[in-house]
Amino acid sequence: MTIEQMMAKKKELGYSNNRIAELSGVPVGTVQKIFSGETKAPRYETMQALSGIFENTDKTYHYRRMGEAAGSSDEVHESMSYRANINVDKTSKTSNADKTLEDYMALPEGARIEMIDGKFYDMAAPTTVHQRIALELGHLFSNYIDKNNGKCIPFVAPTDVQLDCDNRTMVQPDVLVVCNRDKITKARVVGAPDLIVEVLSPSNFLMDLIVKLVKYKRAGVREYWIIVPDDKKVFVYYFKKSSDPDEYSFEDTIPVNIWNGECKIDFSKIYEKIEFMY
């Protein structure tokens, strides 16, 4: 994607330079120089990082309507951000930025918070539909593993995942599968799971579709499912095959790529169990 194409998408989506920096990991100063024209020939790695957020957004742009009631994309993102109104201790940072594992572990018990690249993000309580889908998938994955004497381990939220093996990111995916048991400790999973499933809701719309999509791919997650209950859609990213998702409906049977498609999830049966909740 060229700079001109990215500038057009930037205008179309209403993204600020700060928002682009957050999604791509490119410093905001660099973003400003590129889109102002000051930097004529950005580095290849920088262009790849910037192109990635706009190309990923192309596939999911029509779902922005789910977050429009909360305002612009920047306002939605800000509404997710944890505002440090929980007093951790007297020495804790008051800023939402530059958080570490120490700050995360000091949060009050029961606080629904994720930490991504040193920032806290508030997690809204899941809906009943959200919970049932996650539990059904966790159950189906577990049954498949048991029947095949597999070594993979499935988990459902809240399970801490120290995604980058550093002290700046801790996420709690709705469903995850870990096949390398060395990554599993008594306290948390340390490293990228093989499969992650996130069930999307209006409050976590941008987080799951953009922020976590980029983060999970870079961390080494092999397969990422985004489930959109309101539209009865499932987007499956298998990063080894493509950066583009395969799209399914709640009437489809979906193969699990990390198991070479041998495990198949009949979503129509899941929907039969939750249809009365709609």
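Modeller: Of the 278 residues of the protein chain in this predicted model, 49% count as buried. The chain contains nine helices and 12 strands.

Biologist: How much accessible surface does the protein chain have, and what share of it belongs to carbon and sulfur atoms?

Modeller: The accessible surface amounts to about 13,800 Å², and 48% of that belongs to carbon and sulfur atoms. As for the contacts in the chain, among those between residues at least 6 apart in sequence, 55% join residues at least 24 apart.

Biologist: How should one read a nonpolar core, and which residues have the most contacts inside the largest one?

Modeller: The general idea is that in soluble globular proteins, nonpolar side chains tend to be buried together. In this structure, the largest nonpolar core comprises 41 residues, and Ile20, Phe54, Tyr224 and Ile226 have the most contacts inside it. At least two residues of this core come from each of α1 (3-13), α2 (17-24), α3 (28-36), α4 (44-60), β5 (175-178), α8 (205-219), β8 (223-228) and β9 (233-238). The element that gives the most is α8, with seven residues. Another core lies apart from this one; it has 29 residues, including Phe141, Val175, Ile254 and Trp259.

Biologist: With which residues is Tyr224 in contact, leaving aside its neighbours within four places in sequence?

Modeller: Tyr224 is in contact with Asp208, Lys212, Leu213 and Tyr216, among others. Its further partners include Ile196 and Glu198, as well as Phe235, Val236, Tyr237 and Phe239.

Biologist: How is a pocket recognised, and what is the volume of the second largest pocket here?

Modeller: In general, rolling a probe the size of a water molecule over the atoms shows where empty space is left. Here, the second largest pocket has a volume of about 350 Å³. It is lined by 17 residues, of which Ala21, Glu22, Leu23, Gly25 and Asp117 are the closest to its centre.

Biologist: Which element gives the most to that lining, and what is the make-up of the lining by class?

Modeller: With five residues, α2 gives the most to the lining; α2, β2 (119-122) and α8 each supply at least two. By class, the lining consists of seven nonpolar, four polar and six charged residues.

Biologist: Which residues of α2 are buried, and what phi does Gly25 take just after this helix?

Modeller: A general point on helices comes first: an α-helix has 3.6 residues a turn, so residues three or four places apart point the same way. In α2, the buried residues are Arg19, Ile20, Ala21, Leu23 and Ser24. Just after α2, Gly25 adopts a positive phi of about 80 degrees.

Conventions
Residues are numbered from 1 along each chain as its sequence is written. This is a predicted model: local features need pLDDT of at least 70, side-chain atom pairs count only at pLDDT 80 or more; totals for chains, interfaces and linings use all residues. Side-chain values use heavy atoms; hydrogens and water are left out. A nonpolar core is a set of buried Ala, Val, Leu, Ile, Met, Phe, Trp, Tyr and Cys residues joined through side-chain atoms within 4.5 Å. Buried means under 20% relative accessible area, exposed over 50%, partly exposed in between (1.4 Å probe, protein chains only). Helices (H or I, at least four residues) and strands (E, at least two) are DSSP runs, numbered from the N terminus. Contact means heavy atoms within 4.5 Å. Accessible areas come from the Shrake-Rupley method with a 1.4 Å probe; for residues, only the protein chains shown count as cover. On a 1 Å grid over the protein atoms alone, a cavity is a set of points where a 1.4 Å probe fits but cannot get out, and a pocket is an open set with protein on both sides within 12 Å along at least five of seven lines; lining residues have an atom within 4 Å of a point. Grid points are joined across faces, edges and corners, and a volume is the space filled by probe spheres set on the points. Ala, Val, Leu, Ile, Met, Phe, Trp, Tyr, Cys and Pro count as nonpolar, Asp, Glu, Lys and Arg as charged, and the others, Gly among them, as polar.
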